[in-house]
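Please open the structure in a viewer and keep the selection panel at hand. The tour moves from one selection to the next and describes what is found at each stop.

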Amino acid sequence: MEAVNLTTSPLSNEKAERIGVYVCRCGLNIAQTVDCGEVARMASALENVVVSKDIGYACSEPGQHEIVDDISENSLDRIVIASCSPRLHEPTFRQMLQRAGLNPYLLEMANLREQCSWVHMNEPDAATKKAFDLVKMSVSRVRLLWPLTPERLPLIKRTMVIGGGVAGIQAALDLADNDYEVALVEKSPSIGGIMATLDKTFPTMDCSI
Amino acid sequence: MTDVGRHPKITLHTMSEISDVKGYVGNFKVKILKRARYVEEKECTACGDCVKVCPVIRPDEFNMGLSSRRAIFSPFPQAVPSAYAININECLGHNPSVCAKCVEACDKKCINFHMSDEEIVEEVGTIIVATGLTPYDPTELDEYGYTRFQNVLTSLEFERLVNAGGPSKGKLIRPTDRKPPKSVGFIQCVGSRSLGKGKEYCSNTCCMNTIKSTLVLKEHFPDMEIKVFYIDIRAFGKGFEDLYMRSKRLGVQFIRGLPGNVEETAEKSMRVAVENTATGKLEFHDLDMLVLAIGMEPAKGTRKLQEMLGLQLTPDGFFLEAHPKLQPVDAATRGVFYAGCAESPKDIKESVTQASAAAARAIRLMHKGEILTEPITSEIDVNLCKSCGKCAEVCPYNAISVNKKEKIPAVVNTAACAGCGTCAAECAFDAIIMNHYTDDQITHQANSMLEEEPESKILVFACNWCSYAGADYAGVSRLQYPSNVRLIRTMCSGRIDEKFIWQAFKKRAPVVLVSGCHIGDCHYINANHWTEKRIAKVHKKMEKLGIRPDRLQLKWISAAEGILFSEFMKRMEELRKGVSVEEIDATVAILEKPEKEKK
């Protein structure tokens, strides 16, 4: 097990951070409730924010392209994406940072869709105010983030399939036919599950076994 | 099925259940309890000589109890493995003076009563959960008379009756008189789509299964009278509508309305009382046999497996996927995937599709032969560490070692560290740095939120896996809640250091919520136990200091509990309204007093 450059020291503080903020409209998903342009305008006044703009779909190819271009043109070193939940697109934007030559962990997302525009649909002013707060919180966090590097670990090329019904059987066979070792665990004395008890099956009307 | 038995790459463990799971993606250690079969699996040729001499007769589970089997048995003719098995609880015993007739009958000498249960450890990189379903037991629906009337059957019993390999060799007969029925009725949504007994969700397959059964019947008995009682017919899949139309064309009557009552006539037929909602009239239908289209429930061991693997469940009790649209076969736990009805009720085609998808997702993860770990792990500042050992005590993964006697600072095994941050929250000397969720990173986020109008805002700490996901779910469901709520995400509620809370109150936060996975559901084994303890400690301190403890709330909210999340935000707003500026002033004054004066 070999650790690959586990860098954890803070970046040197000599140089001021150069932060890019992108407020995603997500079509109208965010923009119909939150005034994205206004949020971007307010965010541009925050300390260390070099670029701040609203953007149609941050996750789209042109959206990412624009951000990557900005990173190189403005020497941005940290990015705040104010869009959907990080649970959805954090991997997307981390990859984008990597492509732009930045450490993927210098990204912070503000959740303006699932946790703002969609849950305060009838309060556009309050939602805009909240959106700015969320962006501001993200900017103060992104300023303090450090580059991190994942560790490479060996992996066992073997899968356990729990349950020997039709799903378990199919998964086991697909894996095994691709040359992966499979351990198939079934609690009863035979595989087959409920499927095996069925007579004919729809839509083909043939037998199950 | 036989392909599985023959495949050189597949090791099949039957009569086996998972008893423990350790490790993480790429390197899971799974303990399996394999119950003894008492028949040598490789030697047995399934000749059946043993069965002929076995004196114990029991209901045959495979035929839903419609036929019998012996204590030594093969579950069904095509079983894989084909070896027989002994149900040791039914067997009279191997003492020759008692029985042991099978041992004498077996020429190959493959019956071995000295076998015992085994514990097997499998090391695997990925896990596919395909634990299936439990059929709904309609006994509780008294109005349909299942178990009271012999000619009321479940759809699975019906399957066995029309199966050529079944107890009646495929001849459809009534259990009471063993004569072929002239009329058969099907009742839909038994245990599904019900606000009373049974489940609220649609079981997805029963409509088409019934239509299939009507076609099977019409093929053999074109003149048979067949009636289907339904709410809606859900024939949404490819080719399904076609089958539904064919069934109608063949004369099957679809009657819209679920029966209110079923009675037995003198001829042991079923008299079904139903309000036909198409005509608004109460109708009575006499049918020789009645089949209940039973729904699906989560498999029995779901809860146990969920706890062992740190997975989440939907309110229905099925496994929750990482994302309903974009990651429908991934579990939130990396390296774990779902296939089949374990995730939700589905038919064979969908199960097969999902299983292939799960296999592809597993291969995608494994094919490089190595795995990149999340670098979100903790680190020790050796200059600050006092070797007290608290971090090692709280780590759910035993990833930290400390030599307390010789005062050697703690060391984190980053491969074993999963990144919950409980150690950093518990360290009294600030000697632990939690990467990507450092004290500074979190407090600055909270401070900037509380910079303006702090009295009007609600600070929520939410764990990534459950509560933050629950908030997202509220969003996806468009559940509206007060707009002054602000979430700060950490990987686990165990990360929430008590100083984050004090700092927030100092910065004039009226209320603070710490939320995480339910106890038992923690993504980091049991890290949220420490959250619970810590919050209890803070509550006591608040009381002592004269700060109203209910201004700090702890709430477990799962990824599926969007409604609970939004409701609880409303409750937080109620609490916030009850905190006056004067009260906040007083709190700040208390907290800013130097340490010794507080006492």
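The stops below run from the whole complex to single residues.

**The whole complex**

Begin with both chains displayed, bearing in mind that this is a predicted model. The predictor assigns the complex an ipTM of 0.85 and a pTM of 0.82. Colour chain B by confidence: its average pLDDT is 95, and 99% of its residues score at least 70.

**The interface from the side of chain A**

Select the residues at which the chains meet: 83 residues of chain A are in contact with 100 residues of chain B. Among the elements of chain A that give two or more residues to this side are α3 (86-99), α4 (113-117), α5 (124-142) and α6 (166-177). The strands β5 (152-154), β6 (158-162), β7 (181-185) and β8 (200-201) of chain A also belong to that list. Which element supplies the largest share of the side of chain A that touches chain B? It is α6(A), with 11 residues. Coloured by class, this side of chain A shows 45 nonpolar, 19 polar and 19 charged residues.

**A sheet built from both chains**

Next, select β1(B), β7(A), β6(A), β9(B) and β20(B). In that order they form an open sheet of five strands with parallel pairing. Why is one side of β1 (10-13) and of β20 (336-338) of chain B left without a neighbour in the sheet? Both stand at the edges, and each has a single partner strand, so one side of each remains unpaired within the sheet. On average, neighbouring strands here are turned by 20° against each other, direction ignored.

Zoom in on β7(A) and β1(B), which run parallel and are joined by four bridges. Within this pair, T11(B) of β1(B) is the bridge partner of A183(A).

Now add α6(A), the helix already met at the interface. This helix packs on the sheet and touches β6 and β7 of chain A as well as β1 and β9 (126-129) of chain B. The direction of α6(A) makes about 165° with that of β7(A). Then add helix α8 (residues 348-366) of chain B, which also packs on the sheet, where it touches β6 of chain A and β9 and β20 of chain B. The direction of α8(B) makes about 170° with that of β9(B).

**A second pairing across the chains**

Select β5(A) and strand β21 (residues 370-372) of chain B. These two strands pair in the antiparallel sense over three bridges. In this pair, L153(A) lies opposite I371(B) of β21(B).

**Domains**

Colour chain A by domain: the assignment gives domain 1 (19-142) and domain 2 (158-207). Their centres, taken over C-alpha atoms, are separated by 45 Å.

For chain B the assignment gives domain 1 (36-116), domain 2 (134-297), domain 3 (299-366), domain 4 (373-436) and domain 5 (442-598). Isolate domains 4 and 5 of chain B, whose centres are 25 Å apart over C-alpha atoms. Here 12 residues of domain 4 are in contact with 13 residues of domain 5. Helix α10 (residues 422-426) of chain B gives four residues, the largest share of the domain 4 side. By class, that side has eight nonpolar, three polar and one charged residues.

**A covered helix and an enclosed strand**

Select helix α12 (residues 467-476) of chain B. Nine of its 10 residues are buried, among them Y468(B), D472(B) and Y473(B). The cover over the buried residues includes α3 and α4 of chain A, along with β26 (458-463), β27 (485-490), β28 (511-516) and α15 (562-577) of chain B. After α12(B) comes R478(B), with a positive phi near 55°.

Move to β27(B). Six of its six residues are buried, so the rest of the structure largely encloses this strand. V485(B), L487(B) and R489(B) point one way, R486(B), I488(B) and T490(B) the other. Six bridges connect β27(B) with β26(B), and the two run parallel; I488(B) is the bridge partner of F461(B).

**Backbone details**

Two cis peptide bonds complete the selections. One joins F202(A) and P203(A), with omega about 0°; P203(A) sits in the loop between β8 and β9 (206-207) of chain A. Another joins V80(B) and P81(B), also with omega about 0°; P81(B) sits in the loop between β6 (72-73) and β7 (85-86) of chain B.

Terms used:
Residues are numbered from 1 along each chain as its sequence is written. Chains are lettered from A and ligands numbered from 1 in the order in which they are written. This is a predicted model: local features need pLDDT of at least 70, side-chain atom pairs count only at pLDDT 80 or more; totals for chains, interfaces and linings use all residues. pLDDT is the predictor's confidence in each residue, from 0 to 100. Two residues are in contact if their C-beta atoms, placed from the backbone, lie within 7 Å. Ala, Val, Leu, Ile, Met, Phe, Trp, Tyr, Cys and Pro count as nonpolar, Asp, Glu, Lys and Arg as charged, and the others, Gly among them, as polar. Two strands pair if DSSP finds at least two bridges between them. Domain bounds come from an automatic or database domain assignment. Axes are lines fitted to C-alpha atoms, for helices over the stretch in contact, and angles run from 0 to 180 degrees between N-to-C directions. A residue is buried if 20 or more other C-beta atoms lie within 10 Å of its own, exposed if 12 or fewer, and partly exposed in between; C-beta atoms are placed from the backbone.
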